[in-house]
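I opened this notebook to keep track of what I looked up, one topic at a time. My two topics were enclosed spaces and charged pairs.

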Amino acid sequence: MKSDDFDLKADLQYGAEPGVNSFRNNRMVIFNAKSMGLLRQQLIETLGVEEARKTLFRFGFQSGYSDFLSIDKNYDFDTPEELLKAGPKIHTDKGLVKVETHEMEYDKEESIFHFDGSWHNSYEAEQHIIYNGEADVPVCWSLTGYASAWCSGFSEIPVLAMESKCEGMGDEHCEWSVKPIDEWGEEAEPYINAIMDFFKGDKLMEYYSYMEEQQGLEGKIELAKETNLPETRASTAVDSKENIRMFREAIEEILGKQPPKL
């Protein structure tokens, strides 16, 4: 299939269970943009801009990576390029932002990835301006998190999306670019630091073992709670029962023992 053929409405089940909307066995919730804007502002005022940016960037990253896993598993695209372009299509269909893609270049064997585009009608920029006026720096933190995650899942290497223009700064539209994290400069460090635990990969279990040696089992459990591994593993489940089983298996793999029964 082509990316343009993807139809979110076709597979979005309203009332799959009482009080549950579902997309490919992943629960979906709908919030008013104003309520998200208020939550965003509360994070800024309570945590400060840096921690709020980190939290919202991670929020967007989790959303984008979970979407990628689900779409990659459940749909058969004609080419890898069509799978890549499905991410911007979903971003648009969710009502978060209108996405236009420009140039793309990738080679998985050579770890090459570059993807550029623009955003229009960003809900995040809109909400930032409502509460704070125009900013001096880009403010679409959750949107860049989503794009970073989708492209990282596709390219199989850590890549980062950043804005060079932003509606939240008064620009006519946002412009973004995605490339490997080691190709960015110092301006990217806050974003990279926010998501490095998503990229432990083969070193993850070794890292958990180290944490147990240094901080004991309690430290290892706390780290397990902070990582997104169980969520991303379980997001490929075909139904809610398998989701719970896969989540618990991931926790068991992290802790080295079965988690307590619920």
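The entries below take up the cavities and then the salt bridges.

**Entry 1: the model.** I noted before anything else that this is a predicted model, and I read each value below as computed from it.

**Entry 2: cavities.** I asked how many cavities of 30 Å³ or more a search of the whole structure finds. The search finds two, and I took them in turn, beginning with the largest, which holds about 100 Å³ of space.

I then looked up which residues line the largest cavity, and I found Gly 87, Pro 88 and His 91 among them, together with Val 99, Phe 115 and Trp 119. The list goes on with Tyr 146, Ala 147, Trp 150 and Cys 151, and it ends with Trp 176 and Val 178. By element, at least two lining residues each come from helix 4 (80-93), strand 5 (112-120), helix 6 (141-155) and strand 7 (174-180), and helix 6 has the largest share, with four residues. As for character, I recorded 10 nonpolar residues, two polar ones and no charged ones in this lining.

**Entry 3: the second largest cavity.** Here the space comes to about 40 Å³, and the lining consists of Met 36, Leu 39, Arg 40, Leu 56, Tyr 123 and Glu 124. Two elements, helix 2 (33-47) and helix 5 (123-132), give two or more residues to this lining, and helix 2 gives the most, with three. I wrote down four nonpolar residues, no polar ones and two charged ones for the second largest cavity, whereas the lining of the largest cavity has no charged residue.

**Entry 4: salt bridges.** The count for the structure is 10 salt bridges, and I followed some of them residue by residue.

I began with Lys 2 and Asp 78, whose closest N and O atoms are 3.6 Å apart. This pair links distant parts of the chain, since Lys 2 sits in the segment before helix 1 (8-11) and Asp 78 in the loop between helix 3 (49-74) and helix 4, 76 residues apart. Lys 2 counts as partly exposed because its relative accessibility is 40%, and Asp 78 also counts as partly exposed, at 47%.

Next I looked at Asp 7 and Lys 9, which form a salt bridge with the closest N and O atoms 3.7 Å apart. Asp 7, at 34% relative accessibility, is partly exposed, while Lys 9, at 68%, is exposed.

**Entry 5: a pair with a buried partner.** The side chains of Asp 67 and Lys 94 meet in a salt bridge at 2.6 Å, N to O. Asp 67 lies in helix 3 and Lys 94 in the loop between helix 4 and strand 4 (98-107), so this salt bridge ties together parts that are 27 residues apart in sequence. Is Asp 67 buried or exposed? I found a relative accessible area of 12% for Asp 67, and it is therefore buried, whereas Lys 94, at 28% relative accessibility, counts as partly exposed.

My last note concerns a network: Glu 81, Glu 82 and Lys 85 are joined into one by salt bridges that share partners.

Notes. Residues numbered from 1 in each chain as written. Predicted model: local features only at pLDDT ≥ 70, side-chain atom pairs only at ≥ 80, totals over all residues. Heavy atoms only, no water. 1 Å grid on protein atoms, 1.4 Å probe; cavity = no way out; pocket = protein on both sides within 12 Å on 5 of 7 lines; lining within 4 Å. Points joined across faces, edges and corners; volume = space filled by probe spheres on them. Nonpolar A, V, L, I, M, F, W, Y, C, P; charged D, E, K, R; others polar. Salt bridge = Lys/Arg side-chain N within 4 Å of Asp/Glu carboxyl O. Buried < 20%, exposed > 50% of the residue type's maximum accessible area, 1.4 Å probe, protein only.
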